[in-house]
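Let's take a walk through this structure, stopping at a few spots along the way. Keep the coordinates open as you read.

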Amino acid sequence: MTTTQSRPERAEKTKKILHLLLLAGGAVLLFSGVFQNNIWYDEAYSYGMAHHTIPEICSITYYDVHPPLYYILLRLYALLTGGSIVALRSFSALAGLLLSALGYTHIRKDFGADTGLLYTLVTLLFACNFKYSIEIRMYTLAALLVMLAGIYAYRAYYDENKKNSVLFVLFSLCAAYTQHYAFLAVVVINIIFLVALLHKKRSVKGWLLRGAAQIVLFIPGCFYFFHQLLGVAREYWIDVEFPEVFFEAFGFFTAGDVPYYEM
């Protein structure tokens, strides 16, 4: 006895196949730029950090402008892959691909196949995703962790089970320990979470518990940040200038970094 699929089932299967083909094409795109050995200063710094021990990384980053988690993970990745320039560059490409793959693994389940497919397509078309997928820097990893924090914040909002809450706290902390802008993004996610709860007049007890856990577990990160802020020379920090920052922020996703020239 044979069974035939209904039209919605066939459509769903087709979308899954298209999604997987899109991800395969995205993998080729994102990894196409990793097979070269040209590096600039910041990448050379990351390369050097990946060849230090984890205690040394924690000590060195105390005088850097970034938290230590990316360099620690890059060190572990180097131990697995040999630590060549191409291997370390592939770590960023892998994070960029996983960021796009969330459309299939998470977004599709929460918002439907069409939204998941669109999410993957848009992230693969972002110039910034491709740019940082071929650099030995922490930005694709930071974006991946912030997105995961946002996804599990959304899931925890609708279902405050232990798994969603733990993963939300975990990915929030990982993002905060990866990059300072990722830390700010996590703060915004928590604020939006609170506003949504208050708007629906729901209990904020779970939010307070998750917030307390994040604050306590990020205390070492606070020591890092304030030591860096007070001790690292100002020229190593990114300047924020108005109104240019707004144009740079919106144009970044489609054009990547815009070269700056002093007149």
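A residue counts as buried when its relative accessible area is under 20%, and as exposed when that figure is over 50%. Keep in mind that what you're looking at is a predicted model.

Start with H66, which sits in the loop between α3 (54–61) and α4 (69–81). Is H66 buried or exposed? Its relative accessible area is 9%, so H66 is buried. As for its company, the H66 side chain makes a polar contact with the side chain of R137, at 3.4 Å. Setting aside residues up to four places away in sequence, H66 touches T61, Y71, R137, M138, Y139, Q179, H180 and Q228.

Two of those names, H180 and Q228, come up again at our next stop, since they also appear in the lining of the largest cavity. There is one cavity of 30 Å³ or more in the structure, and the largest cavity holds about 40 Å³ of space. Around it you'll find P67, P68, A176, Y177, H180, F218, G221, Y224 and Q228. Which helix gives the most to that lining? That's α12 (residues 219–231), with three residues.

Now step over to helix α11, residues 205–217. At 1.5 Å a residue, its 13 residues should span 18 Å, and the end C-alpha atoms are indeed 18 Å apart, so the two figures agree. Which residues of α11 are buried? They are G206, W207, R210, G211 and Q214. Looking down the axis of α11, these buried residues fall within an arc of 130°, so they line one face of the helix. The pattern makes sense: an α-helix has 3.6 residues a turn, so residues three or four places apart point the same way. On the face of α11 turned away from the buried side you'll see the exposed residues K205, L209, I215 and V216. And what covers the buried ones? The cover includes α8 (139–158), α9 (162–176) and α10 (180–199).

Last stop: S100, in helix α5 (residues 85–111). With a relative accessible area of 0%, S100 is buried. Leaving out neighbours within four places in sequence, its contacts are L23, Y119, T120, T123, L124 and N129. Pick out L23 from that list: L23 and S100 are 77 residues apart along the chain, yet their C-alpha atoms are separated by 7.5 Å.

Notes
Residues numbered from 1 in each chain as written. Predicted model: local features only at pLDDT ≥ 70, side-chain atom pairs only at ≥ 80, totals over all residues. Heavy atoms only, no water. Helix = DSSP H or I, 4+ residues; strand = E, 2+ residues; numbered from the N terminus. Expected span 1.5 Å × (residues − 1). Buried < 20%, exposed > 50% of the residue type's maximum accessible area, 1.4 Å probe, protein only. Arc of directions from axis to C-beta. Contact = heavy atoms within 4.5 Å. Polar contact = N/O pair within 3.5 Å; in protein donor to acceptor, adjacent residues only side chain to side chain. 1 Å grid on protein atoms, 1.4 Å probe; cavity = no way out; pocket = protein on both sides within 12 Å on 5 of 7 lines; lining within 4 Å. Points joined across faces, edges and corners; volume = space filled by probe spheres on them.
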